[in-house]
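Open your viewer and keep the selection box handy. We will go from one aromatic residue to the next and look at what surrounds each.

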Amino acid sequence: MQTTSRTPAPGEGAEPLAGPDGSRLVSGSLLRTVLMGALGSLMLFVGSLGVGWLASVSPLRQMPVIIAMRFTTAGAIVSILLLAVGGMLLIREWLRLGQKLNRWGPGSGRWVLIAIAAWSAPMLVTIPLFSRDVYSYIGQGRVMANGLNPYEHGVSTIDNFFQLGADQMWSESPPPYGPLFLWLEQLVVAVTGANPDAAVLWFRAMCVLAVIACMWLIPRLARLHGINPARALWLSVANPLFLTNFIVSVHNDAIMIALALAGTYVASVHRNWKGGLAGTALVTLSVAVKPITLVFLPFIGLLWAGKNASWTRRFVVWFLTLVWALALLGLMGLVNGFGFGWVAAMSTPGSVSIWYAPVGFLGGLASALAAAVGADAGQWRGTVHSIGQALAVPVILWLMFTGRDERIIRRLAWAFAAIVLFSPMIQAWYVVWLIPLFAVTGIRSDWQVDVLFFLTAFFMIYAVSDQLDVFPYLDLDLSSGRLIAAVVALSYGVYLWFLDPATKRLLRGRSEPPVRSAVI
């Protein structure tokens, strides 16, 4: 490995910091941004008491404050407003932090870490928001604890599944998770006795550990690419989408991404047999959480093959990578007795679509056209979805076979992005999968960072107005609650972009730290 000048790690160096105009940046200004972001996070917490996902058997429902927030119309409206304003306030302060640390000099990393800690603290005890998948984890753990195969038996096979918070939509669906996460689900159920509140905290603790691992890995991957580590950490882990999806929503994707990044880092630092075997093993563990990270394996193989490897060596290493990964997965399938049952379950999330996904939108148009001419609307929509998903394959192959050696991880980022972009369903956490890979390989302070800003705001607006647990017997119905949240959050987003004296300057006067020589 060649040597190069070292970029400071997050937390290294001390004040003074330079602001966007080159003047000395006062710590009080940064502290104000951190505290305002923490206020936004605290608003999410309070809002979650009224409209967060809470199991019907949870004793928390008997608390006076939750009764007032959840079972009165006024309380529900206040909760929705807190959710919408808190989420957008968090985005504003994230943008302001990036503006104030614009030159990313010594000491900037310390402030990013302080912000992450302060903004995450209220999230640790927030009732799950924006998704209720964590309750399905509990149901699947109960299936495992009862000695059943979750790929063959849905969570509805176990009594009382609905009262423990699981979404009835997925009650008969096989989990799209690998054997490692099934064991983690079983472990949590064994430890908590399937108590939903305790189980949520256990799953959240796992996600928090994964986020901490990402905080350690992302700066190091960034340095390998000559990218400022503090800025990469701000773009990724400090991003409100990252924190809300991985901590508040308790998505197991946090564990998946942490393991995948760990494998990528090991394979990048040790571009030899040792690093290749270890990196592939870590990525395989990621696959054993959610199989989508299979796309990492061919690029891990390229890192394993070494610099300027011949095509013969690359194909041999690709073969060894595949064999090693399959052997590990096969061993896990042998231990749990389920084999490769997760392969068939991989199609579970892809069976639905959403309007803002390009392929999902085209599928909707095809369905409408089919209905107009008297054809099978479902078949037409399914055909469009299948064609769209198939288009990701040639893109991935092209990225495997073309491109410079020092851009292997950037090529991996685009391959992963192809899977997301050509999917008929794009969830907010799908976007979060991609952010670390692009952050560590470089997001320029031009249209690229503008796209990230837009996506962050769009998915936050969509999240706060989508999944709300509104008590059905209030004067406020679910549709009205969603409309209130959408109008408030969208209005805040328009204000940030066009009217806010600080954030409307996002498109002007930006600078970024110089890119140093890559060392991978």
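Start by selecting Tyr356, which is buried because its relative accessible area is 16%, below the 20% cut-off. Bear in mind that this is a predicted model.

Now add Tyr462. With a relative accessible area of 22%, Tyr462 is partly exposed. Tyr356 and Tyr462 form an edge-to-face aromatic pair, with 5.2 Å centre to centre and 80 degrees between the planes. This pair links distant parts of the chain, 106 residues apart: Tyr356 is in the loop between helix 14 (342-345) and helix 15 (358-373), while Tyr462 is in helix 20 (residues 447-464).

Widen the selection to Trp355, Phe454, Phe458 and Phe459. Together with Tyr356 and Tyr462, they form one aromatic cluster.

Next stop: another pair. The structure holds 35 aromatic pairs. Select Trp311 and Phe401, whose ring centres are 5.5 Å apart and whose planes are at 25 degrees, so this pair is stacked. Trp311 belongs to helix 13 (residues 311-336) and Phe401 to helix 17 (residues 392-401), 90 residues apart, so to speak of distant parts of the chain being linked is fair here. Trp311 counts as partly exposed at 37% relative accessibility, and Phe401 is partly exposed too, at 34%.

Stay on Trp311 and show Arg314: Arg314 lies over the face of Trp311, 4.4 Å from the ring centre.

Finally, where is Met425? Look in the loop between helix 18 (408-421) and helix 19 (428-441). Met425 counts as buried, at 8% relative accessibility. For a last distance label, pick the C-alpha atoms of Met425 and Asp133: they are separated by 16 Å, with the two positions 292 residues apart along the chain.

Note on methods: Residues are numbered from 1 along each chain as its sequence is written. This is a predicted model: local features need pLDDT of at least 70, side-chain atom pairs count only at pLDDT 80 or more; totals for chains, interfaces and linings use all residues. Side-chain values use heavy atoms; hydrogens and water are left out. Helices (H or I, at least four residues) and strands (E, at least two) are DSSP runs, numbered from the N terminus. Buried means under 20% relative accessible area, exposed over 50%, partly exposed in between (1.4 Å probe, protein chains only). Rings of Phe, Tyr and Trp (its six-membered ring) pair if their centres lie within 6.5 Å; planes under 30 degrees apart count as stacked, over 60 as edge-to-face and the rest as tilted. A charge sits over a ring if NZ of Lys or CZ of Arg is within 6 Å of the ring centre and within 35 degrees of the ring normal.
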